[in-house]
Amino acid sequence: MIDDQALHHLVGRLRRARVVAVMTGAGISAESGVPTFRGADGLWRHYSATDLATPDAFARDPGLVWQWYRWRQGIIGRAQPNPGHFALARLQSRTTGFSLITQNVDGLHQRAGSANVIELHGNIWRARCARGCGVVQDAPGQAPREEPVAERDAVPVCRCGALLRPDVVWFGEALDDACIDLAVRAAEGCDVFLAVGTSALVYPAAGLPLLAVKAGALVVEVNVDDTPLTPHAGIVLRGKAAEVLPSLESRL
Ligand code: APR
């Protein structure tokens with residue numbers, strides 16, 4: 001059950017807001033069938049994201065890491081944006097000052113029509129040179145340009161001879177400076193900040209709603225569960241993003 005009173009209050013604040021920032025995490029894509037990282041469905045074989053999404057894991061076994069990403073690409077390639085993604089795209093089109101920050105690498109916001117998405121953790125459909133020669137290209141495995149089965153387990157190689165890696169941010173790696181600058185500015189300059197479907201555990205992303213609180217914004221959490229952000233949120237909307245966001249947007 002969505003808290004009707006909280007929703008009503010938020011609608012008033014959103015109508016008056018000059019600038020709105022939204023940050024999403026894996027929970028917004030859950031209804032599209034993309035497994036979250038820390039949920040019950042987050043394991044692949046017996047590995048968790050923290051086992052595989054690291055520079056060490058790639059150095060040790062790049063083939064294994066690519067197999068995991070190809071598995072995720074397969075799921076994401078078949079997934080469709082859900083009503084939560086579409087509601088945010090509509091919210092953007094009716095709000096003058098709007099920033100959408102995502103930790104997701106699935107590209108589903110863009111497929112739902114969102115523009116200027118700040119992708120803090122990269123994009124699973126790109127690969128880049130692991131040695132850092134500067135090459136960035138479409139990631140192998142991208143549907144519909146599917147490779148022959150025999151090549152699926154191979155580790156792709158850059159034209160400079162080094163390995164290619166997924167163009168995503170792994171644990172222990174720095175975020176792109178321009179992306180995090182944009183996200184910090186959005187958090188510090190907004191009147192309302194919505195944190196949607198994130199466990200609020202992974203920094204620096206988890207720090208963005210806290211910056212917004214500090215700057216005086218109303219911070220709203222949309223999540224099926226409590227997170228470390230919950231005590232700091234001015235409004236907590238318990239429920240699935242794919243249900244809460246359309247319900248909110250339709251009342252504006
Ligand atoms: N609607 C709203 N929230 C949901 C839903 C849903 N349908 N389903 C799950 N959630 C919530 C969970 O309660 C949890 O708080 O979404 C959150 C998902 O948390 P994580 O799996 O930790 O995903 P995220 O916060 O995006 O992870 C951050 O960690 O593994 C790294 O780089 C990866 O970007 C990722 C980062």
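A residue counts as buried when its relative accessible area is under 20%. With that cut-off in mind, this tour moves through a predicted model, one selection at a time.

**Helix H9**

Begin by selecting residues 241-251, which form helix H9. Of these 11 residues, 8 are buried, so the helix is largely enclosed by the rest of the structure. The buried residues are Ala 241, Ala 242, Val 244, Leu 245, Pro 246, Ser 247, Leu 248 and Glu 249. To see what they pack against, add helix H1 (4-16), helix H5 (83-94) and the strands E7, E8 and E9 (235-238).

**Helix H7**

Next, select residues 177-189, helix H7. At 1.5 Å a residue, its 13 residues should span 18 Å, and the end C-alpha atoms are indeed 18 Å apart. Colour Cys 179, Ile 180, Ala 183, Ala 186 and Ala 187, the buried residues of H7. They cover an arc of only 125° around the axis, which puts them on the same side of the helix. Asp 177 and Arg 185, both exposed, are carried on the face turned away from that buried side. The cover over the buried residues of H7 includes strands E1 (19-24), E2 (97-102), E3 (118-119) and E7 (192-196), together with helix H8 (208-214).

**Glu 119**

From that cover, pick out strand E3, where Glu 119 is found. Is Glu 119 buried or exposed? Its relative accessible area is 13%, so Glu 119 is buried. Leaving aside neighbours within four places in sequence, Glu 119 is in contact with Thr 102, Gly 107, Gln 110, Arg 126 and Cys 179. Cys 179 is also one of the buried residues of H7.

**The loop between E7 and H8**

Now select the loop between E7 and H8, which holds Ala 200 and Pro 204. Ala 200 has phi near 55°, a positive value in a residue other than glycine. At 9% relative accessibility, Ala 200 counts as buried. Further along, the peptide bond from Tyr 203 to Pro 204 is cis, with omega near 5°.

**Arg 45 and Arg 159**

Move to the loop between E1 and helix H2 (49-52), where Arg 45 lies. Arg 45 also has a positive phi, about 50°, although it is not a glycine. With a relative accessible area of 55%, Arg 45 is exposed.

Then select Arg 159, in the loop between strand E5 (136-138) and strand E6 (164-168). Arg 159 counts as exposed, at 73% relative accessibility. Draw a distance from its C-alpha atom to that of Leu 52: the two residues are 107 apart along the chain, and the separation is 25 Å.

**The largest pocket and the cavity**

The last stop concerns empty space. Display the largest pocket, with a volume of about 880 Å³. Which residues lie nearest its centre? They are Ala 26, Thr 36, Phe 37, Arg 38 and Ser 199, from a lining of 45 residues. Helix H4 (62-78) and strand E8 (218-223) are the elements that give two or more residues to this lining, and H4 provides the largest share, 3 residues. By class, the lining has 23 nonpolar, 14 polar and 8 charged residues.

The structure also holds 1 cavity of 30 Å³ or more. The largest cavity has a volume of about 80 Å³. To find it, select its lining: Ala 26, Ser 29, Val 34, Pro 35, Phe 37, Arg 72, Ile 76, Asn 104, Val 105 and Asp 106. These divide into 6 nonpolar, 2 polar and 2 charged residues.

Note on methods
Residues numbered from 1 in each chain as written. Predicted model: local features only at pLDDT ≥ 70, side-chain atom pairs only at ≥ 80, totals over all residues. Heavy atoms only, no water. 1 Å grid on protein atoms, 1.4 Å probe; cavity = no way out; pocket = protein on both sides within 12 Å on 5 of 7 lines; lining within 4 Å. Points joined across faces, edges and corners; volume = space filled by probe spheres on them. Helix = DSSP H or I, 4+ residues; strand = E, 2+ residues; numbered from the N terminus. Nonpolar A, V, L, I, M, F, W, Y, C, P; charged D, E, K, R; others polar. Expected span 1.5 Å × (residues − 1). Buried < 20%, exposed > 50% of the residue type's maximum accessible area, 1.4 Å probe, protein only. Arc of directions from axis to C-beta. Contact = heavy atoms within 4.5 Å.
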